[in-house]
Amino acid sequence: RNITPWLRGHTSMLLHQIGKTTLETYLMQHHIWLTSNAKSLLTLVPGWPKVNFLIVTILYFAVSRKLYHLTLYLRGIVLPDKKRDECLRNMSVLAGVMLAFYALAYALRSFEVLNLMTVGIVATGLGFLLYRVCMDLTWEGFKRSYLENHSPTVEDAILEKMVGPGASQPNFDSFINSVSAPLVGFFVVFIMGLMWHGMAQIGASSVGLIPAGCGGFANQGSWIPIDPCNVESRGIGYRDYGISSYASCANRGNGLVWGWNETHPSFHCRFHHRDVKALRKALKRRTI
């Protein structure tokens with residue numbers, strides 16, 4: 001506001017584009033930059049913290065940008081401009097669908113059948129129903145739009161001359177067109193479900209109480225001469241010594257620091273340093 005008129009008339013496109021996706025970047029930071037309810041960091045390249053930060057940041061902004069475009073696209077579908085009646089109808093339908101999902105989740109939880117397999121079956125079935133509803137509502141409009149906007153090409157003229165009139169027009173109602181999209185969508189959801197199930201079963205879960213079986217790993221580690229307060233030093237400790245966490249984060253100069261060996265994520269054994277305040281909070285109202 002207090003700079004020259006010339007500078008006020010110019011903007012940075014980089015900051016402009018980042019500013020467009022502030023909502024998406026705020027939401028995605030809890031799912032990409034941070035994991036386990038913001039209690040741990042996403043690690044794709046262990047032992048190389050700066051390289052990992054660069055890769056995760058690129059992924060973070062790319063997903064946020066894609067989510068921004070999807071948000072605009074879905075907003076145009078659900079809340080079309082200058083169509084108040086359609087907006088009210090779509091909002092009513094959206095509210096009804098949300099209530100139905102809440103009721104379904106409550107029923108599954110009440111009958112104690114809320115598990116990954118049930119969620120996968122329900123998601124696949126409801127996804128197919130949603131696909132059919134969208135197709136029934138938009139298919140005729142899509143065919144009209146294609147026929148109105150499609151310009152005949154030389155290949156179309158040759159095909160119609162050889163086969164007959166209408167040979168170049170696509171058969172929208174063919175069996176292949178009817179089943180190909182649902183089948184592809186089913187296999188995509190199925191493969192993603194298998195990956196999700198595998199990560200949930202053998203991968204790292206949310207940070208919680210250490211399982212009882214972690215006692216065997218408590219003394220598996222070594223004293224190493226690094227500074228655990230430094231990110232690069234922690235990377236060296238992981239690459240050269242196989243250390244994933246440390247007992248303290250105090251710079252001891254040339255002294256040795258205890259570190260725990262890396263354990264497989266499926267064991268959920270995460271040892272880490274606690275300061276005095278955090279330790280008192282964790283042991284509050286407990287008897288040792």
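Helices here are DSSP runs of at least four residues, numbered from the N terminus. With that in hand, welcome to four close-up views of this predicted model.

**View 1. A nonpolar patch on the surface, with helix α5 as its main contributor.** Seven names are worth finding here: Val93, Val97, Phe101, Leu104, Leu126, Phe128 and Leu129 make a nonpolar surface patch of about 580 Å². Two elements, α5 and α6, each give two or more residues to this patch. Helix α5 gives the most, with 4 residues. If you would like a starting point on the other helix, try leucine 129, which is found in α6.

**View 2. The second largest pocket and its lining of 26 residues.** How much space lies in the second largest pocket? About 1,200 Å³. To find your way to the centre of this pocket, look for Ile77, Val78, Leu130, Cys134 and Leu137, the lining residues that lie nearest to it. Three helices, α4 (49–78), α5 (84–110) and α6 (116–149), each supply at least two residues of the lining. By kind, the lining residues of this pocket divide into 17 nonpolar, 5 polar and 4 charged. Helices α5 and α6 may be familiar from View 1, where both give residues to the nonpolar patch.

**View 3. A salt bridge between lysine 50 and glutamate 232.** This is one of the 2 salt bridges that the structure holds. The side chains of the two residues meet at 2.6 Å, N to O. Which parts of the chain does this pair tie together? Lysine 50 lies in helix α4 and glutamate 232 in helix α9 (residues 231–241), so the salt bridge links parts that are 182 residues apart in sequence. Are the two partners buried or exposed? Lysine 50 is exposed, with a relative accessible area of 55%, while glutamate 232 is partly exposed, with a relative accessible area of 43%.

**View 4. A salt bridge between aspartate 81 and arginine 75.** Here the side chains of aspartate 81 and arginine 75 meet at 2.9 Å, N to O. Aspartate 81 has a relative accessible area of 55%, and exposed means over 50%, so this residue counts as exposed. Arginine 75 has a relative accessible area of 38%, which makes this residue partly exposed.

Methods: Residues are numbered from 1 along each chain as its sequence is written. This is a predicted model: local features need pLDDT of at least 70, side-chain atom pairs count only at pLDDT 80 or more; totals for chains, interfaces and linings use all residues. Side-chain values use heavy atoms; hydrogens and water are left out. On a 1 Å grid over the protein atoms alone, a cavity is a set of points where a 1.4 Å probe fits but cannot get out, and a pocket is an open set with protein on both sides within 12 Å along at least five of seven lines; lining residues have an atom within 4 Å of a point. Grid points are joined across faces, edges and corners, and a volume is the space filled by probe spheres set on the points. Ala, Val, Leu, Ile, Met, Phe, Trp, Tyr, Cys and Pro count as nonpolar, Asp, Glu, Lys and Arg as charged, and the others, Gly among them, as polar. Patches are made of residues with over 30% relative accessible area and no salt bridge: like charges are joined within 9 Å, nonpolar side chains (Val, Leu, Ile, Met, Phe, Trp, Tyr) within 5 Å. Accessible areas come from the Shrake-Rupley method with a 1.4 Å probe; for residues, only the protein chains shown count as cover. A salt bridge is a side-chain nitrogen of Lys or Arg within 4 Å of a carboxyl oxygen of Asp or Glu. Buried means under 20% relative accessible area, exposed over 50%, partly exposed in between (1.4 Å probe, protein chains only).
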